[in-house]
Amino acid sequence: MAKRAKKIYVLDTSVLLFDHNAIKNFEENDVAIPITCLEELDRFKVGNEMKNFEAREVIRFLDKLSANNGLSDWIPLGPKQGKLKIVMSNLVSGMDAEEIYGKGKNDHKIINAALTLAQAEKTAKVVLVTKDINLRLKAKAIGLPSEDYETGKVKNVKNISTGFPVIEHVAPTIISALYHKGSVEEAGLLGSHKIANGYYILKSGSDSVLARYHQATDTVERVEKSYVYSIKPRNAEQAFAVNALLSDEIKLVALQGVAGTGKTLLALASALEQKNKFNQIILARPVIPLSNREIGFLPGSAEDKISPYMQPLWDNLTYIKSQFRATERKSKVLDDMEESGKLSITALAFIRGRSLSNVMFIIDEAQNLTPHEVKTIITRAGEGTKVVFTGDINQIDTPYMDEQSNGLTYLIDRLKGHALFAHIRLEKGERSALANLANELL
């Protein structure tokens with residue numbers, strides 16, 4: 001058997017901030033980190049956001065790995081793994097990214113570090129790995145192989161982007177039984193579409209029924225269009241979403257869909273409907289500053305800084321309040337919940353590190369989270385907690401992720417079919433005819 005050519009993967013800062021375990025995810029191949037990346041990690045080490053946590057973890061790992069040795073020479077990473085070194089020099093003979101693209105920019109220094117390594121390790125294939133698309137293009141343009149970081153990337157997004165199945169030609173007796181008894185034995189009814197907490201439209205001629213497969217009892221149960229805090233589902237997928245949000249057996253829900261499909265509104269209304277089951281309802285979303293400018297530059301207190309980013313969540317709460325007169329009991333209950341802190345709307349960074357017990361935790365804009373961030377959030381869930389992620393995998397606001405590599409896609413791909421998990425894709429916009437027009441044609 002021919003011996004595989006040795007590979008050296010040069011990681012840039014975007015990869016290390018995306019996944020601090022990236023260093024250990026290249027099997028028996030060697031890994032190199034440009035010294036420029038360490039300088040950038042130093043800038044990110046302070047703060048409460050996930051990227052700050054990732055930076056600290058990488059720095060700790062490198063410190064532990066080096067022990068009493070320097071990192072300028074190759075150091076073994078462990079059994080069945082390659083070696084690691086820090087590339088100190090970015091002086092190259094011949095091709096020079098700084099001469100071609102301009103001096104002083106860290107991206108160009110990182111390319112030069114990879115070129116330096118390629119010249120020193122002539123028997124190996126040196127590959128630059130980066131989440132930065134533009135950096136990949138610049139590297140390839142001068143002949144340096146470059147790849148995206150693939151770990152955690154979902155290969156087939158079509159499986160996530162499909163809606164609920166419609167089962168045709170169901171026996172009329174089954175439709176009738178579902179309406180009168182509420183459930184029937186599955187007995188092959190769903191065929192290849194059978195999946196834990198799967199949602200379906202069952203049809204028999206002009207008759208139809210909404211249904212869910214319950215794995216524990218191996219039955220198909222009827223799904224009703226239930227009101228939640230005076231909000232009524234307007235279509236089948238919204239009814240499915242409410243069913244999953246109200247189900248005690250389902251502890252983790254992913255609501256995926258374009259703007260205006262009602263993801264956040266239904267999640268909040270369903271949480272309020274179950275307010276007596278939980279000690280607290282928390283709505284959170286990641287803060288993605290415009291033009292990636294840190295919110296620390298903004299004036300005011302921490303609450304003032306994040307307030308504009310939380311406004312869409314407050315808008316949903318305001319809409320629910322508008323369903324009642326100010327003197328009605330439900331309106332007063334909402335005011336009391338806000339005042340007491342039982343209903344909290346905040347930035348995701350403010351709740352990191354907490355252990356959440358008996359909480360309904362709704363995370364909006366989850367497509368802007370990394371797979372590791374999603375995992376970290378779920379592992380914080382204590383006894384009695386229900387976690388809901390909402391988002392649109394086609395509306396990524398961060399520069400280093402796409403529809404295949406974001407946390408929401410990763411979550412759906414890994415957990416679909418688990419008894420504790422339900423995924424509903426909302427397709428039909430219910431905000432307005434104008435909003436639907438924009439989603440369809442613009």
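## Helix α3 and its surroundings

In helix α3, the buried residues are Met50, Asn52, Glu54, Ala55, Val58, Leu62, Leu65 and Ser66. The model you are looking at is a predicted one. The cover over these buried residues of α3 includes α1, β2 (30–34), α2, β3 (75–76), β4 (83–87) and α13 (371–379).

The helix itself spans residues 50–66, which makes 17 residues. From the first C-alpha of α3 to its last the reach is 24 Å, close to the 24 Å expected at 1.5 Å a residue. Right after α3 comes Ala67, with a positive phi near 50°.

## The protein as a whole

Stepping back, the protein has 15 helices and 17 strands. Its C-alpha atoms fill a box of roughly 80 × 60 × 45 Å along the principal axes. The protein has 442 residues, and 50% of them are buried.

Contacts across the sequence are worth a look too. Taking contacts between residues at least 6 apart in sequence, 68% join residues at least 24 apart.

## Two more helices to look at: α2 and α5

Helix α2 (residues 35–44) packs against helix α5 (residues 106–120) at an angle of about 145°, and their axes are 9 Å apart. On the α2 side, Thr36, Cys37, Glu40 and Arg43 make the contact, while α5 contributes Asn106, Lys109 and Ile110. Sorted by class, this contact of α2 with α5 holds two nonpolar, two polar and three charged residues.

## Aromatic pairs

How many aromatic pairs does the count come to? The count is six. One edge-to-face pair is formed by Phe18 and Tyr149, at 6.2 Å centre to centre with 80° between the planes. Phe18 belongs to helix α1 (residues 13–18) and Tyr149 to the loop between β6 (146–147) and α7 (158–161), so this pair ties together parts that are 131 residues apart in sequence. Both Phe18 and Tyr149 are buried.

Tyr199 and Phe240 form a tilted aromatic pair, 5.0 Å centre to centre and with 35° between the planes. Because Tyr199 lies in strand β9 (residues 199–204) and Phe240 in helix α9 (residues 236–246), the pair ties together parts that are 41 residues apart in sequence. Tyr199 has 5% relative accessibility and so counts as buried. Phe240, at 1% relative accessibility, counts as buried as well.

## A ring cluster and charges over rings

Ring pairs also link Tyr9, Phe18, Phe26 and Tyr149 into a cluster. Phe18 has a charged neighbour too: Lys131 lies over the face of the Phe18 ring, at 4.5 Å from the ring centre.

Another lysine sits over a ring elsewhere. The charged end of Lys6 is placed over the ring of Trp74, 5.8 Å from its centre.

## Helix α10: buried or exposed?

Helix α10 (residues 263–273) is mostly covered, with 10 of its 11 residues buried. The buried residues are Lys263, Thr264, Leu265, Leu266, Ala267, Leu268, Ala269, Ser270, Ala271 and Leu272.

## Positive phi in two loops

If you are checking backbone torsions, two loop residues deserve a glance. Lys80 has a phi near 60°, a positive value in a residue other than glycine. Lys80 is found in the loop between β3 and β4. Its side of the story on accessibility is simple: at 74% relative accessibility, Lys80 counts as exposed.

Asp218 likewise has a positive phi, near 55°, and is a residue other than glycine. Its place is the loop between β10 (207–214) and β11 (219–222). With a relative accessible area of 33%, Asp218 is partly exposed.

## Ile174 in helix α8

Finally, which helix holds Ile174? Ile174 is in helix α8 (residues 172–181). At 23% relative accessibility, Ile174 counts as partly exposed, since buried means under 20% and exposed over 50%.

Setting aside neighbours within four places in sequence, Ile174 is in contact with Val184 and Leu189. The C-alpha atoms of Ile174 and Leu283 are separated by 40 Å, and these two residues are 109 residues apart along the chain.

Definitions and conventions:
Residues numbered from 1 in each chain as written. Predicted model: local features only at pLDDT ≥ 70, side-chain atom pairs only at ≥ 80, totals over all residues. Heavy atoms only, no water. Axes fitted to C-alpha atoms, helices over the stretch in contact; angles between N-to-C directions. Helix = DSSP H or I, 4+ residues; strand = E, 2+ residues; numbered from the N terminus. Contact = heavy atoms within 4.5 Å. Nonpolar A, V, L, I, M, F, W, Y, C, P; charged D, E, K, R; others polar. Phe/Tyr/Trp six-rings, centres within 6.5 Å; stacked < 30°, edge-to-face > 60°. Buried < 20%, exposed > 50% of the residue type's maximum accessible area, 1.4 Å probe, protein only. Lys NZ or Arg CZ within 6 Å of the ring centre and 35° of its normal. Expected span 1.5 Å × (residues − 1).
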